[in-house]
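Welcome aboard. Please open the model in your viewer and keep the selection tool handy for a short walk through it.

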Amino acid sequence: MESLTRREQFNALVQAQTTVISALPYLMGCAFAYFYYDHFNLGDALLLFIAVISFHLAVNGHNQYTDYWRFNQSGSNSANNIIAKFKIHLSWARLIISSLVLLSAAIGVYLTIKTGWILLLIGVLSLVVGYAYSGGPYPILKTPFGELASGITMGYNITLLAIYINIYNQPQLDSFFWLKGFVIALPAILVISNVMLGNNICDRDEDIHIGKRTLVYYIGRHNAINVLTSCYVLSYIMIVVAVLLHYLPFFTLLSLVTIPIVYQRIHTFISHPDKMTTFFNILISLQFILISEILFTIVGILMNFRS
């Protein structure tokens with residue numbers, strides 16, 4: 001491989017292209033807060049957004065770092081490991097990961113002092129799960145619970161953070177905002193879990209070699225594909241449910257127009273699950289579902305504003 005710049009190595013280490021996975025649930029939470037609670041704290045929301053993205057990048061870097069060590073200890077090589085492939089020095093990787101964690105933590109402490117303990121609780125839970133996902137002697141990613149952990153942490157926790165930061169100082173804040181947030185977050189939870197599931201479907205044989213007993217290992221590739229497709233169906237159903245509960249505007253239903261596109265993308269993936277050639281369809285499907293949901297929610301907000 002030709003000599004790489006620090007920027008290229010940074011983007012590879014933290015998988016910068018995946019920031020959309022955290023950004024979209026956050027934007028969905030903000031859109032819901034504005035529509036349902038009629039409030040938006042721009043400054044606080046922007047600060048928390050920086051913290052969320054920084055933490056997302058740190059977790060990605062930590063995953064690559066720990067994967068590198070596992071492969072070294074097992075005496076094997078992985079064609080998919082970023083640190084080896086991009087010739088990243090371990091000391092530099094540690095510096096990047098720790099810097100991102102510190103930035104996220106500093107913003108989190110400031111906003112906790114300003115907004116209260118609920119933000120601290122959600123943030124600490126996310127931090128613990130984020131570390132446990134790939135760190136420690138029994139990382140979650142080596143278990144059948146990796147999909148659930150990633151879906152809840154990024155799909156639900158991030159959406160909940162976005163809702164809370166926009167309504168913490170408003171009388172509309174109610175004791176069930178977390179439950180309403182869960183309904184809103186379910187499409188994101190499901191499609192984000194599918195990113196992990198799709199990845200594990202592709203890496204099944206390699207994962208078994210290094211001792212990862214993921215959901216795919218236990219239920220088999222065929223059943224895993226059935227779970228994957230069911231999650232996409234359920235994500236669209238939950239969008240309809242959120243509209244029927246008046247949590248989202250009627251215009252959000254227009255996001256259902258993406259069903260044929262997502263169907264084609266997922267059909268391509270399940271016909272030949274492969275990390276290099278078809279896995280990107282999983283990421284594109286996530287973007288189609290969540291971006292369309294956000295955009296048509298914003299359209300609904302604008303239409304209500306005009307009326």
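By class, which residues make up the lining of the second largest pocket: nonpolar, polar or charged? Keep that in mind as we go; the model you are looking at is predicted.

**Stop 1: the second largest pocket**

Start by selecting Leu27, Cys30, Ala31, Phe40 and Ile298. Of the 13 residues lining the second largest pocket, these are the closest to its centre. The space in this pocket comes to about 250 Å³. Now for the opening question: the lining has 13 nonpolar residues, with no polar and no charged ones.

Next, colour helix 2 (residues 20-36), helix 3 (42-74) and helix 12 (280-306). These are the elements that give two or more residues to the pocket lining. Helix 2 provides the largest share, 5 residues, and we will follow helix 2 to the next stop.

**Stop 2: helix 2 against helix 8**

Keep helix 2 on display and add helix 8, residues 177-202. Look along the pair: their axes lie 10 Å apart, and the packing angle is about 165°. Since angles over 145 degrees count as roughly antiparallel, that angle makes helix 2 roughly antiparallel to helix 8. The crossing of helix 2 with helix 8 is right-handed.

To see the contact itself, show side chains on both helices. From helix 2, pick Ile21, Pro25, Met28, Phe32 and Tyr36; they meet Lys180, Ile184, Ala188, Ile192 and Val195 of helix 8. How do the residues of this contact divide into nonpolar, polar and charged? There are 9 nonpolar, no polar and 1 charged.

**Stop 3: the cavity**

How many cavities of 30 Å³ or more does a search of the whole structure find? The search finds 1, and the volume of the largest cavity is about 40 Å³.

To locate this cavity, select Leu24, Pro25, Met28, Ile184, Ala185, Pro187, Ala188, Leu290 and Glu293, which line it. Helix 2, helix 8 and helix 12 are the elements that each give two or more residues to this lining. Here the largest share belongs to helix 8, with 4 residues. Sorted by class, the cavity lining has 8 nonpolar, no polar and 1 charged residues.

You may recognise some names from the previous stop: Pro25 and Met28 of helix 2, along with Ile184 and Ala188 of helix 8, belong to the contact between those helices and also line the cavity.

**Stop 4: helix 8 against helix 10**

Finally, hide helix 2 and bring up helix 10, residues 215-244. Helix 8 packs on helix 10 at an angle of about 155°, and their axes are 8 Å apart. This angle makes helix 8 roughly antiparallel to helix 10.

Is the crossing of helix 8 and helix 10 left-handed or right-handed? Turn the view and check: the crossing is left-handed. The residues of this contact comprise 20 nonpolar, 4 polar and 1 charged.

Notes
Residues are numbered from 1 along each chain as its sequence is written. This is a predicted model: local features need pLDDT of at least 70, side-chain atom pairs count only at pLDDT 80 or more; totals for chains, interfaces and linings use all residues. Side-chain values use heavy atoms; hydrogens and water are left out. Axes are lines fitted to C-alpha atoms, for helices over the stretch in contact, and angles run from 0 to 180 degrees between N-to-C directions. Angles under 35 degrees count as roughly parallel, over 145 as roughly antiparallel, 65 to 115 as roughly perpendicular and the rest as oblique. A crossing is left-handed if the near helix is turned anticlockwise from the far one by less than a right angle, and right-handed if clockwise. Contact means heavy atoms within 4.5 Å. Ala, Val, Leu, Ile, Met, Phe, Trp, Tyr, Cys and Pro count as nonpolar, Asp, Glu, Lys and Arg as charged, and the others, Gly among them, as polar. On a 1 Å grid over the protein atoms alone, a cavity is a set of points where a 1.4 Å probe fits but cannot get out, and a pocket is an open set with protein on both sides within 12 Å along at least five of seven lines; lining residues have an atom within 4 Å of a point. Grid points are joined across faces, edges and corners, and a volume is the space filled by probe spheres set on the points.
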